[in-house]
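Biologist: Before I rely on the terms used for this protein, I should like to see how each one is justified. Please set every value against its definition.

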Amino acid sequence: MYETSYHRAASVADAASLIAKADDGKLLAGGQTLIPTMKQRLAAPSDLVDIGQIAELHGITESGGTLRIGAATRHADVAGSDLVRRLIPGLASLAGGIGDPHVRHMGTIGGSVANNDPAADYPSAVLALDATVHTDKRDIAAADFFMGMFETALEDGEIITAISFKIPEKSAYAKYPNPASRYAMAGVFVARHKDGSVRVAVTGASQGGVFRAEAMEAALAAKWSADAVAGIALEADDMLSDIHGSAEYRANLVTVMAKRAVAAA
Ligand SMILES: Cc1cc2nc3c(=O)[nH]c(=O)nc-3n(C[C@H](O)[C@H](O)[C@H](O)COP(=O)(O)OP(=O)(O)OC[C@H]3O[C@@H](n4cnc5c(N)ncnc54)[C@H](O)[C@@H]3O)c2cc1C
């Protein structure tokens, strides 16, 4: 057994002060990753600072061509938002396919992005929609945020406050879920932006976490059609290989998911 002190923060400033004072504190949002990790004794924080009830971390707003989602917004609220469905349907469908109803009603977008699980869905949308991750200290461009499996640019105690997504002309997400956990074995987010550029971001497949499939982006910029990516095969060398699927299987899944995403968009 070990002891953990629980604190419920009233504001972002309050959370920052509580986490700064803790010996080995952890922010707690939906608890869908952190609590199981603690139960398995893989983490034993001295303090848990709960940011899930902070009003300023909730909500979805549109302004100046971007959609801003508060970090403590639950997956179910993103999936069910009329604004998200209308402006970025690919993002709403991604959120609606995360885990199961329990996970979607507890888990938050900020927790998912901060955790950067290599099989998580949101990191692909962050990269494909050229998002900005806002924290209590700075704004971080998507391209600078993900640093490899479970690694991000966040410093100790830094709090994600919101994520702003560029609103694209078209977008869609297709994933092949692990039948047990629903995490992505391969997930592909495609976006055609208003300036004509295309972004294709892949999750679930690589040992390095989320990445952009640049050959697919170039092919889709030239011709927006599922056929354009059908012949593009990714190298299996860097792909994850585990009991759920080999590296070659995952590399093939990426092409299949990319075709499905483009067709859906
Ligand atoms: C059974 C099951 C199935 C799942 N299936 C999927 C799936 O299909 N796809 C998928 O993408 N995910 C899946 N998940 C993960 C789920 O999406 C979680 O919600 C997510 O990983 C973490 O979000 P959370 O709010 O629960 O974060 P927590 O568990 O509360 O925190 C996770 C980590 O992020 C940190 N953190 C939290 N919020 C912030 C913040 N605002 N700023 C900085 N750091 C922060 C915490 O300190 C902690 O280190 C699944 C989880 C479970 C239990």
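Biologist: Why are β11 and β12 called paired strands?

Modeller: Two strands pair if DSSP finds at least two bridges between them. Strand β11 (residues 198-203) and β12 have two bridges in the antiparallel sense, so the pair meets the criterion of at least two. Within this pair, V202 has F211 of β12 as its bridge partner. The strands themselves are DSSP runs (E, at least two residues), and helices are runs of H or I with at least four residues; both are numbered from the N terminus.

Biologist: What is the source of these values?

Modeller: The model is predicted, and local features need pLDDT of at least 70, side-chain atom pairs count only at pLDDT 80 or more, while totals for chains, interfaces and linings use all residues. Residues are numbered from 1 along each chain as its sequence is written, and side-chain values use heavy atoms, with hydrogens and water left out.

Biologist: What makes β9 and β12 edge strands?

Modeller: The open sheet of four strands runs in the order β9-β10-β11-β12, with antiparallel pairing. β9 (170-177) and β12 (211-212) each have a single partner strand, so one side of each is left without a neighbour in the sheet.

Biologist: Which strands pair with β5?

Modeller: β5 (residues 66-70) pairs with β4 (residues 60-63) over four bridges in the antiparallel sense, and with β8 (residues 160-166) over five, also antiparallel. L67 of β5 is the bridge partner of E62 and stands opposite F165 in β8. β4 and β5 form a hairpin with two residues between them, and G64 in the turn has a positive phi of about 50°.

Biologist: How do you know that domain 2 and domain 3 touch?

Modeller: The assignment, automatic or from a database, gives domain 2 as 55-166 and domain 3 as 170-264. Contact means heavy atoms within 4.5 Å, and 25 residues of domain 2 are in contact with 23 residues of domain 3. The area buried between them is about 1800 Å², with carbon and sulfur atoms giving 62%; this is the accessible area (1.4 Å probe) that the two parts lose on being put together, summed over both.

Biologist: Why is the meeting of K175 and D121 called a salt bridge?

Modeller: The term requires a side-chain nitrogen of Lys or Arg within 4 Å of a carboxyl oxygen of Asp or Glu. The side chains of K175 and D121 meet at 3.0 Å, N to O, so the pair satisfies the definition. The count between domain 2 and domain 3 is two salt bridges.
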